[in-house]
Amino acid sequence: MKLFSRMYDAVLRWSQHAHAQWILAALSFSEAIFFPIPPDVMLAPMAMTQPKRAFRFAGITTLTSVLGGCVGFVLGMWAYDAAVLPFVELMGYQDKLATIVSWFEHYGIWVVFLAGFSPIPYKLFTVSAGMLSMAFLPFLLASAVSRGLRFYLVAWLLRWGGPAMAIKLRTYVDRIGWATVIIAVLVVLVIKLVS
């Protein structure tokens, strides 16, 4: 079933759109607040197909993600019960949010730094930092460094691969996609069996 190759082709088309940079910026900003799809989905093909502009795209992604994180911080601080909690419940993130709150209690600012690389959605870290009244400047610096490292690493790897990598990846994208789904299902099953 060629589900992933069709999605891959669609994302490559979006990455070539005349307004792709604006789409990337909007995606990065909204993902830090509420949107479920990470900006890597746009950043990766843009960096791969336009390697000379890869670091520019990483900069846009970092800046707009951190700005979105600031909005998430403010929402967590001032509108947690009214705006954030209903969204967390709607998305089924209650357990993840509880985990993040306990991490904040144990590790403080380092949690935000690790959030840039965590599989747990970044938006949960931004609103939790605001909800827990974390100092804003350390939050801002940790977000900028961690998100920057992540997005510039993605850009560098795909810039290095370039357009040739896009062609090679197209050959294997369905296998990679289905393998990822199988691994995710197995991880969930193992976690349920262990707990």
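Which side chain meets that of Glu31 in a salt bridge at 3.9 Å, N to O? I would like to start there, and I should say at once that what we have in front of us is a predicted model, so please keep that in mind as we go through the residues together.

The partner is Lys123, whose side chain meets that of Glu31 in a salt bridge. The two residues come from distant parts of the chain, since Glu31 belongs to helix 2 and Lys123 to helix 8, and they are 92 residues apart. Both Glu31 and Lys123 are buried. As a general point, side chains of opposite charge can pair when their charged atoms come close.

Glu31 has another partner as well, because its side chain also meets that of Arg147 in a salt bridge, with 2.8 Å from N to O. Here again distant parts of the chain are linked, with Glu31 in helix 2 and Arg147 in helix 9, which covers residues 136-194, and the two are 116 residues apart. Glu31 has a relative accessible area of 5%, and because buried means under 20%, Glu31 counts as buried. Arg147 has a relative accessible area of 0%, so Arg147 is buried too.

The structure holds three salt bridges, and the one I have not yet described is between the side chains of Asp40 and Arg150, at 2.5 Å from N to O. Asp40 lies in helix 3, residues 40-49, and Arg150 lies in helix 9, so this pair ties together parts that are 110 residues apart in sequence. Asp40 counts as buried at 18% relative accessibility, and Arg150, with a relative accessible area of 16%, is buried as well. Salt bridges that share partners join Glu31, Lys123 and Arg147 into one network.

Let me now turn to how helix 2 packs. Two packed helices are described by the angle between their axes and the distance between the axes. For helix 2, residues 20-31, and helix 4, residues 54-78, the axes come within 7 Å and cross at roughly 35°, and the crossing is right-handed. On the side of helix 2, the contact is made by Gln21, Leu24, Ala25, Ser28 and Phe29, while the residues of helix 4 that take part include Phe57, Ile60, Thr61, Thr64 and Ser65. Sorted by class, this contact has seven nonpolar, six polar and one charged residues.

One of the residues in that contact, Ser28, deserves a slower look. Ser28 lies in helix 2, and at 0% relative accessibility it counts as buried. A polar atom of the Ser28 side chain lies 2.8 Å from the backbone oxygen of Leu24. Leaving aside residues up to four places away in sequence, Ser28 touches Pro39, Thr61, Thr64 and Ser65.

I would like to finish with another serine, Ser128, which is found in helix 8, residues 122-131. Is Ser128 buried or exposed? At 0% relative accessibility, Ser128 counts as buried. The side chain of Ser128 has a polar atom that lies 2.5 Å from the backbone oxygen of Leu124. If we again set aside residues up to four places away in sequence, Ser128 touches Leu97, Ile100, Val101 and Phe104. When you look at the model afterwards, you might begin with Glu31, whose side chain meets that of Lys123 in a salt bridge and that of Arg147 in another.

Technical notes. Residues are numbered from 1 along each chain as its sequence is written. This is a predicted model: local features need pLDDT of at least 70, side-chain atom pairs count only at pLDDT 80 or more; totals for chains, interfaces and linings use all residues. Side-chain values use heavy atoms; hydrogens and water are left out. Helices (H or I, at least four residues) and strands (E, at least two) are DSSP runs, numbered from the N terminus. Buried means under 20% relative accessible area, exposed over 50%, partly exposed in between (1.4 Å probe, protein chains only). A polar contact is a pair of N or O atoms within 3.5 Å; within protein, one must be able to donate a hydrogen and the other to accept it, and residues adjacent in sequence count only if both atoms are side-chain atoms. Contact means heavy atoms within 4.5 Å. Axes are lines fitted to C-alpha atoms, for helices over the stretch in contact, and angles run from 0 to 180 degrees between N-to-C directions. A crossing is left-handed if the near helix is turned anticlockwise from the far one by less than a right angle, and right-handed if clockwise. Ala, Val, Leu, Ile, Met, Phe, Trp, Tyr, Cys and Pro count as nonpolar, Asp, Glu, Lys and Arg as charged, and the others, Gly among them, as polar. A salt bridge is a side-chain nitrogen of Lys or Arg within 4 Å of a carboxyl oxygen of Asp or Glu.
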